[in-house]
Amino acid sequence: MNHSTFNAHEYFQKIYARPVLLEAKKLSQVFKHGKTERTILNQLDLKIHKREFICVIGPSGCGKSTLSRIVAGLDPYSHGELIVDGELIKGPSPERGMVFQGYTLFPWKTVKENVMFGPLLKGASNPSAEAAAREWINIIGLEKYENQYPHQLSGGMKQRVAIARALVNEPKILLMDEPFGALDPHTRQKMQKHLMDLWQNIDITIIFVTHDMDEAILLADRIVALKANPGEIKEIIEVHLPRPRTPELMLTPEFKKLRERVDDLVHAQDDEVDPALEDLPKIPLMTSVNED
Ligand SMILES: Nc1ncnc2c1ncn2[C@@H]1O[C@H](COP(=O)(O)OP(=O)(O)O)[C@@H](O)[C@H]1O
Ligand SMILES: [Mg+2]
């Protein structure tokens with residue numbers, strides 16, 4: 001697909017014709033804070049189609065990670081329904097692979113052993129788990145590092161291993177919560193391209209949480225913009241930009257226009273900020289260096 005032939009209408013028609021893989025129906029999450037309750041997610045309705053690339057965006061504290069944890073099956077939700085492939089989510093499953101910001105590799109296992117972990121857990125024999133791990137380590141291009149430990153790898157490499165460790169289980173959904181948030185800009189850009197390449201070539205639906213608008217626009221088919229207090233879907237934006245996408249796309253007027261729209265949405269004046277940021281304390285003066 002190139003710029004001159006990209007037809008957004010056709011592209012999205014095809015997406016919407018695919019089966020719905022994940023559906024949230026009036027999904028709510030309420031947390032108890034002492035004796036009071038806070039609604040973090042309020043009645044979310046959302047349908048994600050097979051092989052879609054969805055980015056979830058919103059201000060800090062709006063409930064992005066809360067939503068990721070629910071979809072991952074790590075936390076139960078308070079109300080509504082969350083259905084994957086026709087079944088209610090009841091807990092974690094290898095069908096929903098996870099890559100979160102904090103490196104979640106086992107530090108005492110090598111790259112290969114980390115990737116073998118999922119298949120072994122599912123009952124694969126050692127040789128077949130090793131073969132599957134090798135295949136994925138090759139796909140992400142880290143075969144030279146298979147016997148290294150996580151502390152011997154760069155941040156970007158660790159996240160590649162984390163991706164391989166999720167994908168080796170052949171999940172239907174890859175769930176990523178700010179996965180590149182801790183990387184430097186250059187590595188981050190490379191990882192974005194790497195992820196888009198993977199997504200183009202395998203049968204996977206990606207739900208990618210980020211607060212970085214450029215990242216969301218570059219990656220997504222659709223952007224789910226959340227607002228805070230309580231977390232609600234403010235708008236779902238179709239990204240009408242051709243694929244494959246490269247960072248140069250960010251310099252185009254189309255990208256900049258979309259960027260302004262998303263910026264207005266996310267930083268709308270009427271949105272309350274995270275209450276945790278409202279009562280930042282006044283810091284007492286503890287030094288005299290400011291005096292002159
Ligand atoms: N387990 C929990 N118990 C109580 N409050 C929580 C819990 N997890 C998150 N919260 C609150 O929910 C809000 C949303 O948090 P989070 O989902 O982490 O936001 P985001 O990822 O969008 O920055 C925050 O105000 C946070 O304090
Ligand atoms: Mg978060």
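This report describes the sheet, the helix lying across it and the ligand shell of a predicted model.

## Basis of the description

Because the model is predicted, local features need pLDDT of at least 70 and side-chain atom pairs count only at pLDDT 80 or more, while totals for chains, interfaces and linings use all residues. Residues are numbered from 1 along each chain as its sequence is written, and chains are lettered from A and ligands numbered from 1 in the order in which they are written.

## The sheet

Four strands (DSSP runs of E, at least two residues, numbered from the N terminus) form an open sheet in the order β2-β1-β4-β5, with antiparallel pairing, where pairing requires that DSSP finds at least two bridges between two strands. Its edges are β2 (36-49) and β5 (87-88), each of which pairs on one side only.

Strands β1 and β2 run antiparallel and are joined by 10 bridges, with alanine 24 opposite leucine 46 in β2. Their hairpin has two residues between the strands, and glycine 34 takes a positive phi near 65° there. Strand β4 (residues 79-84) pairs with β5 in the antiparallel sense over two bridges, and isoleucine 83 stands opposite leucine 88 in β5.

## Helix α2 and the ligand

Helix α2 (a DSSP run of H or I, at least four residues) lies across β1 (20-33), β2 and β4, and runs at about 65° to β2; contact means C-beta atoms, placed from the backbone, within 7 Å, and the angle, on a scale from 0 to 180 degrees, is taken between N-to-C directions of axes fitted to C-alpha atoms, for helices over the stretch in contact.

Around ligand 1 there are 12 residues, of which Phe31, Ile40, Lys64, Ser65 and Thr66 come nearest; a residue is near if its C-beta atom, placed from the backbone, lies within 6 Å. Helix α2 (residues 64-72) gives the most to this shell, with three residues. The shell divides into four nonpolar, six polar and two charged residues, with Ala, Val, Leu, Ile, Met, Phe, Trp, Tyr, Cys and Pro counted as nonpolar, Asp, Glu, Lys and Arg as charged, and the others, Gly among them, as polar.

Key: Contact = placed C-beta atoms within 7 Å.
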